[in-house]
Amino acid sequence: MKYSSQMVAKPYFIFALILLAGEIVFGLAMGVQYLYGDFLFPAIPFNVLRMVHTNLLIVLLLFGFMGATYFLIPEESERELWSPMLAKLTFWVFAAAGVATILGYLFVPYATLSASLANSFWPTMGREFLEQPTITKVGIVLVVLSYIFNTTMTVIKGRKTTISVILLTGLFGLAFFFLFAFYVPQNLAMDKFFWWFVVHLWVEGTWELILGALLAFVLIKTTGVDREHIDKWLYLIIAMTLISGLAGTGHHFFYIGTPGYWLWIGSIASAAEPIPFFLMILFAFNMAKNRRIVHDNKIALTWAKGTAVVGFLGAGVWGFFHTLAPVNYYTHGTQLTAAHGHLSFFGAYVMICFTLISYAMPILRGRPHGNGPKSQKVELTSFWMMVIGMIGLTLALTVAGIMQIEMQRLPDAANAMGFMETQAAISTVYMVRLAFGVMVFLGLLTYFYSFFVKEEKAVA
Amino acid sequence: MSERITKNMARNIYFGGGLFAILVFTGLTFDTVKQIPKLSHDDKITESVALGKKVWENNNCVGCHTIMGEGAYYAPELGNAFQRLGGGDEEVFKTYLAGWMAAQPMDIPNRRKMPQFHLTPEQVTNLADFLIWTSRVNNQEWPPNIKG
C-alpha cells in the first residue's frame, strides 16, 4: 500500500460483501416464494423481499464503488486522500442509514413508512428500485456529495490522470441523475419517462464510466501496460457508451405512453449498446496479452477479464435479444427482462467490485503480491461457481421468458393462457433457476472462505 | 485498429460524440415532455386518479405487479386490468376491484399470495380510477393481447 489513507477502503469492501450475501439470501427466498406462495407469507410478502433484494444490490454497489475510489484515487493522484476522517464518517452514516432502511422495510408495513417521515411532505416512494423513504434518499444524496467532494479535492490537489478524471465524471453523473428520483409527477407516463433518467442513465450511462475507469486501473496495475495505451482504449469505450447509451434510453420508451418515434430511435441507438461492452473484452484481453509484468495476483486479472466477458454477455448480448421494438412488443415485462437484469448487474457491476476487492484487499491486508497460491485457487473455484451459477440462472429465466411469451403473448386473446396459468406451467424452470441461485450462494461462501485460507509457511 | 487511433483522436471522439449524444437526447426529451400530456390524456387526471396513484405507490404495488410492462413479474399486468377484469365498464370494474381487494389473501394453498392492504372504500375507488386512466394511455397498443 502506497498511501496509508487507502486503508479507509477496507470497511467499504467488507460491508459490500456482507450486503451481497444478504442480497443473495433474499433472492433465494424470492425463488422459493415463486414456487411456494405460502413461504414466509404473510410475514414477508414478495414485494418486501424484492425491495430488500434490489435495494441491497444498489447499496452494495455504491459501497463497492466508494471503496474502489478511496483505494484508487490516492494512488492515481499520488497523494493521501483529502480527508480520511470524512471517508470513515461517511461509511458509518451510510451503513447505519442503509441498515435502518432495510429493517424498516422488514418490520414496518410499507404503507406506514410512506405515511410517515418526510415522505408525506415530499412523496417519492413506491417506485421500482426507488422505494426508499424520502429521508433515506436525502441521506444518499448527502453521503454521495461528501464522497464526491472528498474525491474531487484529492484529484484537484494531486496528479490528474485520465482514469481519475473519467471516474469523477461518472460520479458527478451518478449524483446528477439521482436527483430525478425526487421528481414524481402525477401523470404516470411522465413519471415513468423521468424514472428512467435515474435507472437507465445510471446503469447504461454514468456507471459505465465508473466501470471503465476501475477496469483500466486494475489492468494498469496487473499488466504494466503503459498509460497512453490504456487511456486511448478507455476513451473509445466511454465514447461508445455515451453515443449508444444516451439515445439508447429510448428502448425503454416504446410502450409507456411516449411518442412513437422512440420505437425507431430507441431500437437503432440501443442496438449499438453492446459495442462498448465488446470493446471492454478486446481491451482486457489485449492488455493481458501485451503485459509487461506478471503480477503474482493472478486472480485479480481473472476477475477483470471475467467482468468484461460476463458484462458483455449480460448487458450486451442479453440486452440485444429484446432491444428492438418489434421484439420488445412481445418480451416487454416478461422473465426475459429479469434474465437480462440479473446477468448484466452481476457481470458488469458486481464483478467489477470483485475485481477491485480481489486486487486491493490483499494489499490492504499486507500482502502486496496478492494472496498465496492456495487462497487464489479457492478464489478461482468461487469465481467459476458464481459465474456458472449466474449464467445458469439467466438461461433458466430466459427459457421461462420464452415459454411465457409462447403461452401468454403470441396466441390471440381466445387461445392465450392467463398470467397465473402460464406461471404455473413454467414452475419446473423456476426450480432450475433456484438451484443455480443456490450455486451462486455457495460460490460466495467459497469466496469468503478464500479470505481465511492458511498458506504453508515455507515461502516466508 | 488500435495502432491507427491515437489517444488524442480517442479523446476527441469522446468529447465530440458525447456532446452530440447529450444534445440529441436533450432535444428529444423536450419534445417528449411536450407530447406526453396529449398521449396520456393529462386533462383526464381527476383528483381521484391522482389519489389512486398515491394508493398505488404507498402500498408498493409495483413490487409484485407490472404496469405498462414495468415492475415486478410476480403478479399480473395491471395497465389493462380495466379491460381484462372490468370488461371496459367502469361500474363493473369498481365492484370487481372492491370485492377482490376485500378477499385477499386468498386461501388457496401455495398459490402466490396478495396481502390484505386494508384500503378504505374511497381508496379502492381512487385506485380503480387510476387504473382506468392508465388503461387509456396511448402506449402503441401494448400489450399484444388482453391477457397482459
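**Group meeting: two chains and one long contact**

Let me start with helix 1 of chain B: its 34 residues should span 50 Å at 1.5 Å a residue, and the end C-alpha atoms are 47 Å apart, which agrees. Before I go on, please keep in mind that this is a predicted model.

Now, that helix does have a bend in it. At B:Lys34, helix 1 of chain B turns by about 30°, and within four residues there follows a proline, B:Pro37. Just after the helix comes B:His41, with a positive phi near 60°.

Which residues of helix 1 of chain B are buried? Running along the helix, they are B:Ala10, B:Tyr14, B:Gly17, B:Ala21, B:Phe25, B:Leu28, B:Thr32, B:Ile36 and B:Ser40. You may like the rhythm of those numbers. An α-helix has 3.6 residues a turn, so residues three or four places apart point the same way.

And what do the buried residues of helix 1 of chain B pack against? Their partners are in chain A, namely helix 7 (188-223), helix 8 (227-248) and helix 9 (261-271).

That brings me to the interface. On the chain B side, 61 residues are in contact with 63 residues of chain A. Three elements of chain B each give two or more residues to that side: helix 1 (7-40), helix 2 (47-58) and strand 2 (70-71). Helix 1 of chain B gives the most, with 17 residues. As for chemistry, the chain B side divides into 29 nonpolar, 20 polar and twelve charged residues.

Let's zoom out to chain B as a whole. Chain B has five helices and two strands, and along the sequence they come in the pattern α-α-β-β-α-α-α. The domain assignment splits chain B into domain 1 (1-40) and domain 2 (41-148). The centres of these two domains of chain B, taken over C-alpha atoms, are 37 Å apart.

How does chain B compare with a compact globule in its radius of gyration? For 148 residues the globule would have a value near 15 Å, but chain B has 22 Å. Along its principal axes, the C-alpha trace of chain B spans about 70 × 40 × 30 Å. Of its 148 residues, 45% count as buried. If you care about contact order, take the contacts in chain B between residues at least 6 apart in sequence: 63% of them join residues at least 24 apart.

Chain A makes a nice companion to that. Its secondary structure comes to 16 helices and zero strands. A compact globule of 460 residues would have a radius of gyration near 23 Å, and chain A, at 22 Å, agrees with that. The C-alpha trace of chain A spans about 70 × 45 × 45 Å along its principal axes. Here 58% of the 460 residues of chain A count as buried. Of the contacts in chain A with a separation of 6 or more, 80% come from residues 24 or more positions apart.

One last stop, helix 11 of chain A, residues 298-321. Its 24 residues reach 33 Å from first C-alpha to last, close to the 34 Å expected at 1.5 Å a residue. There is a kink here too, of about 30°, centred on A:Phe312. Why is helix 11 of chain A described as largely enclosed by the rest of the structure? Because 19 of its 24 residues are buried.

That's my tour, thanks for listening!

Definitions and conventions: Residues numbered from 1 in each chain as written. Chains lettered and ligands numbered in written order. Predicted model: local features only at pLDDT ≥ 70, side-chain atom pairs only at ≥ 80, totals over all residues. Contact = placed C-beta atoms within 7 Å. Nonpolar A, V, L, I, M, F, W, Y, C, P; charged D, E, K, R; others polar. Domains from an automatic or database assignment. Expected span 1.5 Å × (residues − 1). Bend = angle between axes of the 7 residues up to and from the residue. Buried ≥ 20, exposed ≤ 12 C-beta atoms within 10 Å, placed from the backbone. Rg over C-alpha atoms; globule rule 2.2 N^0.38 Å.
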